[in-house]
Amino acid sequence: MVSIVLPTYNGEKYIRESIQSIINQTYTEWELIVIDDCSLDSTNSIVAEYVEKDKRIKLFKNEQNLRLPASLNAGFLKASGDYLTWTSDDNLYKPEALEKMLDALQRDANCGLVFSRMENIDGEGMLKGLSCVPRNVRELYYHNIVGASFMYTRKVYEQIGDYDTGKFLMEDYDYWLRIARSFEIEYLPEVLYQYRQHECSLTETRNRQVLEGKVKLLEEELTLAEFENDILRMIYKELAEALFSLDQYAEMKEYLLKMRSISKDMSDVRRAVRISYVLGSTLSAVMKRIFKRKKNMK
């Protein structure tokens, strides 16, 4: 059986579509565990309608707002499936998603996690594009290529444990990196999921928090594992570009120097970052403000 955890907070706008996409699965041996994180809208009553109609759907309510990582942990603690995944209240599964990912895990006993390509849709469900195709799964060490369409085994859960509640906004990426240290990961090129990008998804403040979390996570990963030079170079590149966006120029330059110690080629580094490396922090900050002002005037 596949256990699906769906954490939600004020998800009334899209949660019907999300649940219906699970009901429409070609693979039918699943349980859906909805964790309501103290919603203030009609989310509870909407989910309750489905609970009454389908015994595979269960609803649990947090006594206080726990945020995503703790809600996931609460959900998986109640899960009984041999295969596990989680989804969001605004995203959708394609009908064969569970079947295809389950088949991939059952084909390869060494594989602990599978993930697939996704469609990006807007708030109205219109197609915006497709998720990027990774060159290989080793990209995971410097970029979260797994995304929102994935499944892993109970063995993974038993060995890796809970999501880290101290890694809010990076809880998923952190989990995939922890899995990668002990299990094989497989990419499925089929589009099995629809990831919704809309005006309430991320704010500018949240984007900064994501970047800060990414820097902290990758720096931590450098202390926990050894990498070949090609991967190490890309980790340094990702850190440098993230630090540039955070206006941390001294730290950015440090990682670019480390990158150059492995390879003199910086052609794949963002042009603005390369210019900043040459000009120094003061001039780079001025240029960045001018660019931002011009962008806002368009």
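Is Leu127 buried or exposed? I began with this residue and noted that Leu127 is exposed, because its relative accessible area is 55% and the exposed class starts over 50%. I record at the outset that the model is predicted.

**Entry 1: Leu127**

I placed Leu127 in strand 7, which covers residues 127–130. I then looked up its contacts, leaving aside residues up to four places away in sequence, and found that Leu127 touches Glu119, Asn120 and Ile121. I also checked Gln194, which is 67 residues from Leu127 in sequence. In space, the C-alpha atoms of Leu127 and Gln194 are 8.8 Å apart.

**Entry 2: Leu169**

I turned to another leucine, Leu169, which sits in the loop between helix 5 (154–160) and helix 6. Leu169 counts as buried, because its relative accessibility is 17% and the buried class lies under 20%. With residues up to four places away in sequence left out, I found Leu169 in contact with Arg206, Gln209 and Val210. For Leu169 and Gln209, I noted a separation of 40 residues in sequence and a C-alpha to C-alpha distance of 7.6 Å.

**Entry 3: Helix 6**

How many residues of helix 6 are buried? I found that 10 of its 10 residues are buried, and helix 6 (residues 171–180) is mostly covered. Among the buried residues of helix 6 I listed the charged-type names Glu171, Asp172, Asp174 and Arg178. Tyr173, Tyr175 and Trp176 are also among the buried residues of this helix. Two of these names, Tyr175 and Trp176, came up again when I looked up aromatic rings. They belong to one aromatic cluster together with Phe76, Trp86, Phe150, Tyr152, Tyr157 and Tyr163.

**Entry 4: Aromatic pairs**

A pair of aromatic rings is described by the distance of the centres and the angle of the planes. I noted that the structure holds 16 aromatic pairs. One of them is formed by Tyr93 and Tyr193, with 5.1 Å from centre to centre and 80° between the planes. This pair is edge-to-face. It links distant parts of the chain, with Tyr93 in strand 5 (residues 92–93) and Tyr193 in strand 9 (residues 184–196), 100 residues apart. I checked the accessibility of both partners: Tyr93 is buried at a relative accessible area of 5%, and Tyr193 is buried at 0%.

I then looked up Phe115 and Tyr187, whose ring centres are 5.2 Å apart. Why is this pair called tilted? The planes stand at 45°, so the pair falls neither under 30 degrees, which would be stacked, nor over 60, which would be edge-to-face. This pair also links distant parts of the chain, since Phe115 is in strand 6 (residues 111–121) and Tyr187 is in strand 9, 72 residues apart. Both Phe115 and Tyr187 are buried.

**Entry 5: Lysines over rings**

I found Lys78 over the face of Phe60, at 4.5 Å from the ring centre. Lys253 lies over the face of Tyr277, at 5.9 Å from the ring centre.

**Entry 6: Helices 9 and 10**

Lys253 and Tyr277 led me to the helices that hold them. Two packed helices are described by the angle between their axes and the distance between the axes. For helix 9 and helix 10 (residues 271–279), I noted an angle of about 100° and axes 10 Å apart. Helix 9 is therefore roughly perpendicular to helix 10. On the helix 9 side, the residues that meet helix 10 are Tyr249, Met252, Lys253, Leu256, Leu257 and Arg260. Their partners in helix 10 are Val273, Ser276 and Tyr277.

**Entry 7: Positive phi**

Most residues other than glycine have a negative phi. I therefore looked up the exceptions with this rule in mind. Cys38 has a positive phi of about 65°, and it lies in the loop between strand 2 (30–36) and helix 2 (43–53). Cys38 is partly exposed, with a relative accessible area of 24%. Asp247 likewise has a positive phi, near 65°. I placed Asp247 in the loop between helix 8 (229–245) and helix 9 (249–262), and noted that it is partly exposed at 42%.

**Entry 8: Cysteines**

How many disulfides does the structure hold? I found 0 disulfides. Cys111 is buried, with a relative accessible area of 4%, whereas Cys132 is exposed at 72%.

How values were computed:
Residues are numbered from 1 along each chain as its sequence is written. This is a predicted model: local features need pLDDT of at least 70, side-chain atom pairs count only at pLDDT 80 or more; totals for chains, interfaces and linings use all residues. Side-chain values use heavy atoms; hydrogens and water are left out. Rings of Phe, Tyr and Trp (its six-membered ring) pair if their centres lie within 6.5 Å; planes under 30 degrees apart count as stacked, over 60 as edge-to-face and the rest as tilted. Helices (H or I, at least four residues) and strands (E, at least two) are DSSP runs, numbered from the N terminus. Buried means under 20% relative accessible area, exposed over 50%, partly exposed in between (1.4 Å probe, protein chains only). A charge sits over a ring if NZ of Lys or CZ of Arg is within 6 Å of the ring centre and within 35 degrees of the ring normal. A disulfide is a pair of cysteine sulfur atoms within 2.5 Å. Axes are lines fitted to C-alpha atoms, for helices over the stretch in contact, and angles run from 0 to 180 degrees between N-to-C directions. Angles under 35 degrees count as roughly parallel, over 145 as roughly antiparallel, 65 to 115 as roughly perpendicular and the rest as oblique. Contact means heavy atoms within 4.5 Å.
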